[in-house]
Amino acid sequence: MTPVLEIAGLRKQFGGIVVANDVNLAIKKDEVVGLIGPNGAGKTSLFNIVSGLIPHDAGTVILNGQPIERLSMHARARLGLTRTWQNIRLFPSLSVLDNLIVAPRYYPGESILRAAFSPGRLRDQRKKITERAYNQLEKVRLVDAATRFPTELSYGKQKLVSIARALMNDGDCLLLDEPIAGVEGAAYEALKNVIRSEAKLGRAICIVEHNISFVRDLCDRVLFMFNGKILNSGTMDELMARDDLAGLYFGSET
Amino acid sequence: MYDLTLYTQIVWTSLANSSYQVLFTVAFALVLKVLGVWNFAQPALMAASFYCMYAAIDTFGLPPLIAMGIALVFTGVFAYAIETYAFTALRNRNAGPIGFFIFTIVASQFVIYVLTLIFTAEPRFLLGNMTSALHIVFGVYVTSWDIAAIITTCILIAVLYFFLHYTRPGQFMIAVADNAELAETYGISKQRYYAMAMVIAGFLINTAIFLLGSKIAFYPELSLHMMLFAVAATIIGGIGNVFGAGIAAVVIVVMQQMSVLFIGSRWQPLFVFVILFATILFFPKGVRFRGS
Amino acid sequence: MTTRRKFLKTMLAAPAITSAHWAPFNSSAFAADKEAFSYGVALPLTGAAAPFGTDQVKAHTWAVEEINGAGGANGRKLNPIVLDTQAKPEVGVAAVTRLVSVDKVPMFVTAFSAVVAAVAPIANRNKVLELSVGANSPRISKLGEYVYTTYPLADVDVTLLAKYAYEKLGARRAAVIFVNDESGIYGAEVFRDAFKKLGGDIGAFESYEATGTDYTGSVLKVRAANPQVVHLHGNASDTPIALGQMRQLGISVPVTTNTAGYNPELIQKIGKAADGLIVATLAPGPKESAAVAKYVERWQREEKRIPNNMPNTQYVHDSAYVIKALVEEVDRAGKPFTGDTLREALLKIRSFKLPLTETVKIEDDHTVKKPVYLIGVKDAKYYEIGLYE
Amino acid sequence: MEYAASIFILIGLFVILAASFNLILGYSGLMSIAHPIFFGLGAYTSSLSVMYFHIPVIAGILLGIIVAFLFSIALSLPALRISGDYLVIASMGFQLGVLQIIRNLDWTGGAGGVTGITPLFDEIARTSVLSYVALVFVAAAATVALVAWIVTGDYGKAIAAMRDDEDAFKALGRNAVTMKIVLFGIGSACAGFAGGLYAHYFLFISPDQFDLLYSAGILTMVVVGGMGTIMGPVVGAVLLQVMPQALSFLRLPAAITGPTQGIMFTGLVLIFLFLKPNGVLGKAPPRKTDDGDDDDLASVNTSPVVGKR
């Protein structure tokens with residue numbers, strides 16, 4: 001069966017540094033793939049290229065059989081590719097609920113004409129979206145935080161909200177950038193379960209994460225990235241077994 | 001329809017006149033590349049440096065070169081101050097593009113108003129006599145100003161090129177320009193090179209102002225008009241390509257003067273804007289491909 | 001006089017209006033017998049036209065002092081209310097609106113083509129007499145019933161320059177280079193048409209930008225036409241630069257120019273390069289008139305220099321005497337001071353004998369006819385060429 | 001009387017300009033200071049169309065609005081397609097370019113400007129002045145209301161999100177470019193409207209009235225009043241219109257007033273920028289959760305934006 005996300009021969013140079021050096025990677029539905037590697041390995045850069053934040057130099061990115069590497073960021077999202085950010089990046093001036101409400105693939109409020117000429121229809125759509133937003137908040141157990149502002153929440157809860165916001169897209173492919181970093185306790189478990197259950201819904205999920213145990217628990221397959229290259233892939237344990245990788249990983253981690 | 005001498009004359013004279021435009025443009029492009037700031041405060045530096053020289057020469061009767069030396073220091077310090085006190089503050093506050101935009105625009109206006117209050121808006125000449133010695137080479141009129149201007153500019157640009165490409169600080173500066181965060185992880189202080197870039201820009205501007213002031217009359221608001229050319233040339237030369245911008249400046253100046261022979265001179269000022277829009281439409285990344 | 005370069009604006013759209021009631025007159029000896037006659041003076045006191053505007057105001061103030069010192073306009077002292085226009089239309093509009101509706105003046109004097117034109121609607125709407133004392137745009141004569149000028153429009157002096165170039169200099173091929181603003185374009189066109197009418201031919205007709213720094217292209221196009229005379233129609237601030245660049249690019253033929261070329265700094269900055277310049281001014285110089293000689297003397301004594309664009313200051317100076325005459329006329333008729341009565345008086349008197357500009361005759365078509373004085377430059381010095389009717 | 005009226009009218013017109021510019025700069029975060037040119041386009045289109053085609057003044061003003069809108073699209077479409085940075089210079093170039101064209105054409109009155117513009121109301125009647133003041137005030141109120149409507153509700157949420165974090169916004173599938181073009185168009189159309197109202201009262205317009213230095217005036221009003229607030233620009237406009245008038249009655253020597261006003265207002269902006277960045281009416285900024293992220297090699301845009309983090 002064809003993978004949801006397929007990256008082939010992806011390259012990107014930055015000044016002198018190669019952040020993506022012939023990256024090849026495919027993620028099937030229901031699959032959770034982990035992406036690990038030392039700082040500066042180019043993990044986030046890979047997300048940035050795939051999601052369309054920064055242009056690539058060469059290679060292809062294919063989503064559900066459709067090449068998307070030339071599309072703009074929002075176009076890719078509308079095809080069902082969503083990402084979260086290492087540094088969360090919620091909208092501070094919007095309430096948690098509104099953060100989710102502006103997030104679906106199609107947001108009726110985006111057209112000012114509709115707002116002006118068919119307020120009725122807009123109202124109905126708004127109602128549906130609000131319901132969906134509450135469902136997502138339900139998943140991360142943050143319904144009670146709906147009316148509060150992101151900056152009033154703990155770091156962990158903000159992470160959860162950002163995941164929920166990404167889920168509003170209801171896309172086939174999720175790129176999660178360090179979803180668990182700084183998340184502890186109940187939130188930790190909640191998040192793990194959400195990701196699991198989302199994968200079960202037939203999504204392809206890729207996680208960049210430093211938390212080894214989290215990756216081990218969650219990911220069917222783990223890729224090790226270094227200097228913009230994917231060196232190895234396998235289960236977390238297989239990778240951890242190899243000292244050379246561990247050396248690269250921890251050696252460069254100060 | 002026109003003889004060769006005339007074309008040569010236009011090319012030569014506008015080449016000479018492009019000297020200060022090139023320096024302004026390179027200064028602007030450098031700040032844009034390294035700091036990532038559209039430095040609309042450049043007019044402030046230009047006007048300040050001119051009136052510093054003007055005061056030194058006219059009020060204190062110092063010889064031009066000494067006056068220029070003083071202004072060089074003054075402008076450098078001024079540029080340094082803008083970076084360390086204003087830009088840094090804005091950066092720390094995450095002011096974002098708009099903050100920088102407003103600050104730079106308003107700062108230059110502020111300085112222009114202050115200078116107008118002190119020196120009035122009356123056009124001033126830097127030197128006693130604005131005409132310089134004439135030499136006729138194969139029918140082409142060459143003034144000593146032309147020669148001085150071209151040589152000075154070439155030297156400055158060459159030095160800058162060498163600095164950026166063959167010295168460590170220069171390479172670090174480029175690294176900061178390419179990706180400040182990354183550079184920092186390699187232990188390069190972006191702060192330091194931001195400031196350095198600003199000071200270098202200040203020096204370039206000061207020299208350019210001296211060339212300008214020894215040829216035509218200057219008034220505070222003129223700096224605004226001149227900056228716009230620099231900005232346009234920067235876009236046309238390709239954002240992030242400092243020397244490309246400089247070359248663009250030369251080409252535009254020469255073409256603009258040349259164009260007078262073929263289109264009505266009253267439309268000449270439009271030339272820059274037309275090229276500018278053409279560039280934005282057809283060469284989004286600048287006419288020449290970008291460096292790095 | 002010209003609408004000059006754009007200058008520093010105050011940051012507002014209804015920008016600075018500065019009103020300076022000139023204190024001395026309020027406290028003068030005969031304040032008792034008759035109510036003073038207040039009128040507006042709207043001239044640039046800031047912005048880059050300021051060097052000219054302030055000199056004009058000073059000249060006007062001197063005239064007012066003389067008049068008031070000599071008993072005023074039959075016992076009425078003149079009380080000019082001076083407001084700043086920055087030579088900018090919108091500032092002028094604000095200033096004049098203020099004069100008309102706050103200070104309630106029946107008449108005002110102003111200068112600079114753009115301002116004169118911009119405030120005309122206010123003058124007509126409020127039936128207030130507008131006296132232009134320094135604007136040469138052709139529109140000035142068509143601005144409405146309440147707008148008159150004591151200053152000759154460009155066709156008077158520029159036409160004469162064309163004539164002089166053709167007849168006295170024997171030039172048959174001329175070129176024109178001008179600043180690309182209203183008065184520059186108009187002056188250039190007048191010269192071109194006049195010169196062609198005489199049978200000469202215009203080789204090049206090129207403009208340069210007031211805000212520009214490089215006139216190379218235009219200058220060389222002029223040179224390529226290889227003219228026997230060039231007419232340069234610029235502003236006082238850019239004329240030296242234009243002339244300098246022409247000389248430096250090998251145009252050595254005589255250059256005729258408007259009164260903007262009558263400017264000591266020009267000589268000082270380009271020295272002998274100024275030789276061969278022929279300036280037309282619309283007012284007598286110190287040589288023709290003892291009064292002017294005294295006037296220049298006073299400038300030298302008090303300011304250590306001659307005024308910027310002296311001929312213009314002479315007109316502004318004399319506008320005080322025009323007003324004096326109007327006031328006396330209206331008083332004689334025992335009428336109240338309104339725009340209408342003052343306008344009647346103006347049309348009744350028509351021909352004014354004035355100290356520094358001699359006879360000024362107001363025509364029905366709202367224009368003024370004047371003799372023209374030509375001034376040349378030799379060895380970096382101005383010298384009088386002569387008076388032409 | 002007429003003096004007071006013209007002050008009030010200018011206040012009203014500048015409320016329109018500031019409010020619409022605030023929509024562009026403050027809410028949409030679009031870096032353009034070319035607002036005066038759309039003011040000018042409105043004024044010129046309206047007064048010239050009335051002059052040459054003898055259409056009713058109202059029609060002229062409407063035409064002015066449309067032209068301003070279309071030109072703004074023509075400007076923002078290519079510029080924004082590439083990057084926000086391009087709008088900065090494109091708008092300035094556009095402003096000066098258009099002014100240059102106006103200066104050089106004969107049928108626009110050239111550098112001397114347009115005289116003899118048809119007044120909207122009969123210019124003799126004193127009452128007309130009053131009704132004009134009323135009209136302008138209604139127009140100003142309407143503009144402020146329009147802006148308020150746009151920036152609240154569903155569209156407003158999107159705007160806020162876009163302003164907070166454009167990349168995150170795009171990553172959700174929102175088309176920021178289209179939104180910006182629309183907002184730029186609406187703001188410019190408002191400016192065009194103000195232009196029409198200006199031309200048919202003051203009856204004289206010239207290119208110099210719409211140049212770069214005017215941009216600074218409007219910018220000041222917005223920043224001092226409070227960027228991204230509904231009433232901020234209103235406060236700013238009133239403040240900056242009334243203050244110089246008050247100043248002018250102090251009878252300071254002219255040589256001082258001109259520049260000092262400029263210094264005062266630019267200085268004001270600088271002070272506000274550093275001490276009270278949110279203006280008179282602005283509330284404290286929402287704390288950003290965003291902090292430097294080590295792994296994020298490419299978090300900095302490839303082409304420099306104004307001010308990196």
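In chain D of this predicted model, contacts mostly link parts that sit well apart along the sequence: taking contacts with a separation of 6 or more, 78% are between residues 24 or more positions apart. Chain D gets there with helices and nothing else from the strand department, having 11 helices and zero strands. Walk along its sequence and the pattern simply reads α-α-α-α-α-α-α-α-α-α-α. The chain counts 309 residues, and 65% of them are buried.

Thr220(D) gives a handy example. This threonine belongs to helix H9 of chain D. Is Thr220(D) buried or exposed? Thr220(D) counts as buried because 27 other C-beta atoms lie within 10 Å, and the cut-off for being buried is 20 or more. Thr220(D) also illustrates how sequence and space can part ways: Phe272(D) is 52 residues away in sequence, yet the two C-alpha atoms are 9.9 Å apart in space.

Chain D also touches chain B. How many residues does each chain bring to this contact? Chain D contributes 46 residues and chain B contributes 49. On the chain D side, four helices each supply at least two residues: H3 (57-82), H4 (84-104), H9 (212-225) and H11 (254-275). Of these, H4(D) gives the largest share, with 12 residues. Sorted by class, the chain D side holds 28 nonpolar, 14 polar and four charged residues.

Next comes the nonpolar core. In soluble globular proteins, nonpolar side chains tend to be buried together. Here, the largest nonpolar core has 440 residues, and the ones with the most contacts inside it are Val31(B), Met53(B) and Ala197(B). The largest share of this core comes from chain D, where helix H8 (residues 176-202) puts in 16 residues. Which residues does Ala197(B) touch, leaving aside neighbours within four places in sequence? The list runs to Leu30(B), Val31(B), Val34(B), Leu35(B) and Met173(B). Val31(B) thus turns up twice, once among the residues with the most contacts in the core and once as a partner of Ala197(B).

Chain C brings strands into the picture. Seven of them form an open sheet in the order S8-S7-S9-S10-S11-S15-S16, with mixed pairing. At the edges are S8 (201-208) and S16 (381-388) of chain C, each of which pairs on one side only. On average, neighbouring strands in this sheet are turned by 20° against each other, ignoring direction.

Inside the sheet, S7 (residues 173-179) and S9 (residues 229-233) of chain C run parallel and are joined by five bridges. Ile177(C) faces Leu232(C) of S9(C) across this pairing. Helices lie against these strands, too. H6 (residues 182-197) of chain C crosses S7, S8 and S9 of chain C, at about 170° to S7(C). Another helix of chain C, H8 (residues 239-248), packs on the sheet and touches S7, S8, S9, S10 (255-257) and S11 (277-281), its direction making about 155° with that of S9(C).

Chain C has some hairpins as well. S12 (residues 351-354) and S13 (residues 358-362) of chain C are antiparallel partners over four bridges, with three residues making the hairpin link from S12(C) to S13(C). In this pair, Ser351(C) stands opposite Lys361(C). S13(C) then pairs with S14 (residues 368-369) of chain C, again in the antiparallel sense, over two bridges. Here Ile362(C) is placed opposite Val368(C) of S14(C). The hairpin of S13(C) and S14(C) has five residues between the strands, and His366(C) takes a positive phi near 65° in it.

Last up is chain A, which is divided into two domains. Domain 1 is made of two stretches, 1-80 and 171-254, while domain 2 covers 92-170. How far apart are the C-alpha centres of these domains of chain A? They lie 26 Å apart. Where the domains of chain A meet, 14 residues come from domain 1 and 14 from domain 2. On the domain 1 side, helices H2 (73-78) and H7 (185-200) of chain A each supply at least two residues, and the largest share, five residues, is from H7(A). The classes on this side of domain 1 of chain A come out as eight nonpolar, three polar and three charged residues.

Definitions and conventions: Residues are numbered from 1 along each chain as its sequence is written. Chains are lettered from A and ligands numbered from 1 in the order in which they are written. This is a predicted model: local features need pLDDT of at least 70, side-chain atom pairs count only at pLDDT 80 or more; totals for chains, interfaces and linings use all residues. A nonpolar core is a set of buried Ala, Val, Leu, Ile, Met, Phe, Trp, Tyr and Cys residues joined through C-beta atoms within 7 Å. A residue is buried if 20 or more other C-beta atoms lie within 10 Å of its own, exposed if 12 or fewer, and partly exposed in between; C-beta atoms are placed from the backbone. Two residues are in contact if their C-beta atoms, placed from the backbone, lie within 7 Å. Two strands pair if DSSP finds at least two bridges between them. Axes are lines fitted to C-alpha atoms, for helices over the stretch in contact, and angles run from 0 to 180 degrees between N-to-C directions. Domain bounds come from an automatic or database domain assignment. Ala, Val, Leu, Ile, Met, Phe, Trp, Tyr, Cys and Pro count as nonpolar, Asp, Glu, Lys and Arg as charged, and the others, Gly among them, as polar.
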